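Colleague: Got a minute to walk me through this fold? I'd like to go through how the pieces pack against each other.

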Amino acid sequence: MTEINGRVAVVTGGASGIGLGIAEALREAGAAVVIADIEEAALARASAELRVTGKRVDVADPDSVQRLADEVVAEFGPVGIVVNNAGVGPLARIEDLTLSDWDFMLNVNLKGVIHGVRSFLPLLIANPDGGHLVNTGSMASFASMASGGAYNVTKYGVAALTETLALELAEDHPAVRATLLAPGTVRTNIKSSLRNQPAGRSGGLADVDISGAQAADMRWIDPLEAGRITVNAIRENRLYALTHPDWWPIVETRFAQIERAFADGIAELAPEAEAAP
């Protein structure tokens, strides 16, 4: 099990939504929490509310993330838990996406996680007590949704990064673990993601409030519940932290299609095998 009490924990995107819920849950578990976010006003409110340290960071900027890592170590000492959570979720059909749209989504949702791993993983490896790294993906890490092309690509990427990292850590640094957080419908302000887009950027992406007709009948949870699920996954060294395990039928559909494709391929190979001398 990963010890949380007394550890230094850093949460990006920690000023609101799931990040704030994770920060609160980590604080409940006894961690010394640092929340980092691009929104200074929200950061000031959240850090005062939780009575934790807040630091501004732009996860799309690798230098900004490195400064965050350097400052946390200088002020708090060895880092034990890192949650690369910052992300955005505007939607558009793939045919409507511009290169600017792709850059915005990739820079925040995927490169933001890459930057966090690059800057903080060496600190976790160097920590004599080991540590834990959490990357926030999505249920879209397992099953794509229409109009979420750019979002789906980033979240599949976060899943691949985390799963590969977990394999390599098990071989090279077993005292450090990795978890993919895959949230479903959580009450956050992701419906207004474009508020933090670069000035002057334009494209086909649009903020969508899926709590309306698209997902009105789904089970919605509060960020703190998602945070406590994440903390339990850290404590128990789980590779996957799922807020909505009841969504398995959605994921199962994709895996069933893959299984059928493999079965069909094997059936097609059988006559060739029989004909071989």
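**Helices and sheet**

Modeller: Sure. The axes of α1 and helix α2 (residues 40-50) cross at roughly 20° and come within 11 Å of each other. Bear in mind that this is a predicted model.

Colleague: Then how do α1 and α2 count, roughly parallel or oblique?

Modeller: Their axes cross at roughly 20°, and angles under 35 degrees count as roughly parallel. The crossing of α1 and α2 is also right-handed. So the label for α1 against α2 is roughly parallel.

Colleague: And which residues of α2 does α1 meet?

Modeller: By class, the contact of α1 with α2 has four nonpolar, no polar and three charged residues. On the α1 side we have Leu20, Ala23, Glu24 and Arg27. The residues they meet in α2 are Ala46, Glu49 and Leu50.

Colleague: What about α1 with α6, is that pair oblique or roughly parallel?

Modeller: Helix α1 (residues 17-28) packs on helix α6 (residues 223-235) with the axes 7 Å apart and an angle of about 55°. That crossing is right-handed. Roughly parallel needs an angle under 35 degrees and roughly perpendicular needs 65 to 115, so α1 and α6 come out as oblique.

Colleague: How many nonpolar residues are in the contact of α1 with α6?

Modeller: The α1 side includes Gly17, Ile18, Gly21 and Ile22, and among the α6 residues are Pro223, Leu224, Val231 and Ile234. Glu24 and Glu28 of α1 take part too, as does Arg228 of α6. By class there are four polar and three charged residues, and the nonpolar count is nine.

Colleague: Now α3 and α4: how many charged residues does their contact have?

Modeller: Helix α3 (residues 62-76) and helix α4 (residues 99-126) have axes 8 Å apart at an angle of about 25°, so they are roughly parallel. Pro62, Val65, Gln66, Leu68, Ala69 and Val73 in α3 meet a set in α4 that includes His115, Arg118, Phe120 and Leu123. The contact divides into seven nonpolar and four polar residues, and the charged count is one.

Colleague: On to the sheet. Which strands stand at its edges?

Modeller: It's an open sheet of seven strands with parallel pairing, in the order β3-β2-β1-β4-β5-β6-β7. An edge strand has a single partner, so one of its sides is left without a neighbour in the sheet. The strands in that position are β3 (53-56) and β7 (240-242).

Colleague: What stands opposite alanine 36 in β3?

Modeller: Strand β2 (residues 32-37) runs parallel to β3, and four bridges join them. Opposite alanine 36, in β3, stands lysine 55.

Colleague: Which strands does α6 touch?

Modeller: Helix α5 (residues 149-172) lies across β5 (131-136), β6 (176-182) and β7, running at about 160° to β6. α6 packs on the sheet as well, and its direction makes about 140° with that of β5. The strands α6 touches are β4 (81-84), β5, β6 and β7.

Colleague: Last one: over residues 7-189, how far apart are the end C-alpha atoms?

Modeller: UniProt lists that stretch, in an unreviewed entry, as "domain: Ketoreductase". Over residues 7-189 the chain is 49% helix and 17% strand. The distance between the end C-alpha atoms is 29 Å.

Technical notes: Residues numbered from 1 in each chain as written. Predicted model: local features only at pLDDT ≥ 70, side-chain atom pairs only at ≥ 80, totals over all residues. Heavy atoms only, no water. Axes fitted to C-alpha atoms, helices over the stretch in contact; angles between N-to-C directions. Helix = DSSP H or I, 4+ residues; strand = E, 2+ residues; numbered from the N terminus. Parallel < 35°, antiparallel > 145°, perpendicular 65-115°, else oblique. Left-handed = near helix turned anticlockwise from the far one by under 90°. Contact = heavy atoms within 4.5 Å. Nonpolar A, V, L, I, M, F, W, Y, C, P; charged D, E, K, R; others polar. UniProt positions renumbered as here; feature names shortened; annotations may be inferred. Pairing = 2+ DSSP bridges.
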